[in-house]
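Biologist: Please give me a close look at one pocket of this model, and then go on to the strands and contacts that can be described elsewhere in the chain.

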Amino acid sequence: MMWFVWADIAGTLIQELRDVQAKITGHSEHIVSCADMKEKRLRSRFLITSTGALYIKDVQNEDGLYNYRCITRHRYTGETRQSNSARLFVSDPANSAPSILDGFDHRKAMAGQRVELPCKALGHPEPDYRWLKDNMPLELSGRFQKTVTGLLIEHTRPSDSGSYVCEVSNRYGTAKVIGHLYVKQPLKATISPRKVKSSVGSQVSLSCSVTGSEDQELSWYRNGEILNPGKNVRITGINHENLIMDHMVRSDGGAYQCFVRKDKLSAQDYVQVVLEDGTPKIISAFSEKVVSPAEPVSLMCNVKGTPLPTITWTLDDDPILKGGGHRISQMITSEGNVVSYLNISSSQVRDGGVYRCTANNSAGVVLYQARINVRGPASIRPMKNITAIAGRDTYIHCRVIGYPYYSIKWYKNSNLLPFNHRQVAFENNGTLKLSDVQKEVDEGEYTCNVLVQPQLSTSQSVHVTVKEAVCCSAYHRKKKHVIGLVI
């Protein structure tokens with residue numbers, strides 16, 4: 001590698017040192033390195049630039065008695081290398097037009113760094129220097145400073161990019177250096193939103209914006225593991241900058257990272273995704289009550305959950321729709337709860353029964369129910385026949401309207417229930433539970449009898465059909481049985 005060193009006599013650059021082969025003898029060797037700058041004499045007359053050029057001020061005759069070498073040291077390994085030696089020939093100055101000794105074609109820098117644009121000319125008298133940026137005179141102040149070797153720009157900005165011209169002139173002529181500076185933004189990745197608190201079952205969307213590059217390679221990681229598109233994971237955008245995850249489960253919480261790579265540069269950002277149990281919860285709700293005909297009724301369900309739950313209402317298992325005698329309204333509180341109201345302006349006997357509010361979101365479902373009794377003659381709503389599955393539990397509801405009544409009892413083939421441990425009758429709400437249904441015992445007709453007055457009752461019947469569970473073919477049932485025997 002050849003190194004060039006320029007000398008300055010009486011402040012004027014006059015001579016370019018030429019490479020001198022090692023066979024030249026008769027001269028001592030002077031090695032100029034950064035360590036030598038500690039010496040006062042060298043510190044005042046010798047200047048080493050960031051590009052490795054050596055400038056000598058106030059050249060003296062004795063400077064021509066030495067050979068000069070450039071020594072480099074690897075910043076990580078400490079390995080050193082040195083160039084061939086060079087000679088400095090000192091002569092008297094002669095009038096001449098400027099000729100460029102050191103210039104540049106282009107320079108690249110990262111924003112925030114300092115950059116030197118070299119411009120040094122040989123000529124006598126000493127030339128004047130003028131700098132232009134994009135054909136406009138450049139004000140040399142603040143971040144822009146003229147130095148012995150050229151132009152120094154501190155804390156570069158992308159706006160510093162452009163074409164730079166260094167015009168050199170004296171009475172005998174002119175010369176110029178034309179080069180281009182490109183200041184690049186550091187590669188940076190930023191994930192938004194910065195804080196993510198969601199719930200199990202919800203959707204989470206993250207976006208990674210990148211500055212400093214337009215065609216970078218972008219990857220997403222969760223807890224150190226790379227994320228690829230899948231059933232619940234979508235990665236969209238021209239550069240894969242958007243991450244969308246549906247139906248989050250508890251294990252999906254953690255640190256999410258956006259890694260960006262461009263050539264030898266890389267950047268990353270991360271956010272913590274916190275998943276809470278967003279299953280709907282009933283905060284407060286209506287209670288069982290007795291009202292008189294024409295009396296207004298207002299029922300309320302206050303529910304929390306993430307995402308916001310959807311609340312629906314039923315009366316004796318039949319959906320309640322807006323309109324008619326029922327009015328449904330909803331509001332969201334400052335705490336983020338959903339409050340739903342069901343209002344009856346003038347209640348009637350048919351409005352009595354079991355009211356249920358059901359809150360549902362992607363994390364789960366919760367329900368609450370209570371009975372509202374409207375005074376009037378007691379009766380039973382018509383019941384539909386039921387098909388039960390053998391081996392499972394089933395419920396039969398006796399929906400009573402009117403109030404008061406004395407009791408609700410269930411019968412099967414004139415036998416009062418329960419008559420075995422698998423049968424449970426809830427007299428308070430008229431529900432009959434059959435556990436582990438068996439076809440031979442549980443299939444048949446069931447009668448709900450409501451005692452309206454001491455000597456007056458009303459009843460409704462329902463037929464229960466029991467079907468065997470069909471899970472597989474006879475071959476698979478046989479195979480399953482054989483495997484069980486082997487085990």
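**A pocket, a strand residue and two sheets**

Modeller: The lining of the second largest pocket is made up of six charged, five nonpolar and two polar residues. The model is a predicted one. The space in this pocket comes to about 320 Å³. Its lining has 13 residues, and those closest to the centre are Asp 316, Pro 382, Met 383, Lys 384 and Arg 399. Of these five, Asp 316, Lys 384 and Arg 399 belong to the charged class, while Pro 382 and Met 383 belong to the nonpolar class.

Asp 317, the residue numbered just after Asp 316, has a side chain joined to that of Arg 356 by a polar contact of 3.1 Å. Arg 356 lies in strand E36, which covers residues 353–361. Beyond its neighbours within four places in sequence, Arg 356 touches two stretches of chain: Thr 312, Trp 313, Thr 314 and Asp 317 on the one hand, and Leu 367, Tyr 368 and Gln 369 on the other.

Next come the strand pairings. Strands of a sheet pair through backbone hydrogen bonds, in either a parallel or an antiparallel sense. Strand E23 (residues 217–222) has antiparallel pairings with two other strands, E27 and E24. With strand E27 (residues 254–262) it shares six bridges, and Glu 217 stands opposite Arg 261 there. With strand E24 (residues 225–226) it shares two bridges, and here Arg 222 faces Glu 225. Both of these cross-strand pairs therefore set a glutamate against an arginine, each a residue of the charged class. E23 and E24 form a hairpin with two residues between the strands, and Asn 223 in that hairpin has a positive phi near 50°.

A separate description applies to the open sheet of three strands ordered E12-E17-E16, in which the pairing is antiparallel. Its edge strands are E12 (115–118) and E16 (144–146), each of which pairs on one side only. From one strand to the next the twist averages 20°. E17, which spans residues 150–153, runs antiparallel to E16 and is joined to it by three bridges. Within that pairing, Gln 145 is placed opposite Leu 152 of E17. In a regular strand, side chains alternate between the two faces of the sheet.

Notes
Residues numbered from 1 in each chain as written. Predicted model: local features only at pLDDT ≥ 70, side-chain atom pairs only at ≥ 80, totals over all residues. Heavy atoms only, no water. Pairing = 2+ DSSP bridges. Helix = DSSP H or I, 4+ residues; strand = E, 2+ residues; numbered from the N terminus. Axes fitted to C-alpha atoms, helices over the stretch in contact; angles between N-to-C directions. Polar contact = N/O pair within 3.5 Å; in protein donor to acceptor, adjacent residues only side chain to side chain. Contact = heavy atoms within 4.5 Å. 1 Å grid on protein atoms, 1.4 Å probe; cavity = no way out; pocket = protein on both sides within 12 Å on 5 of 7 lines; lining within 4 Å. Points joined across faces, edges and corners; volume = space filled by probe spheres on them.
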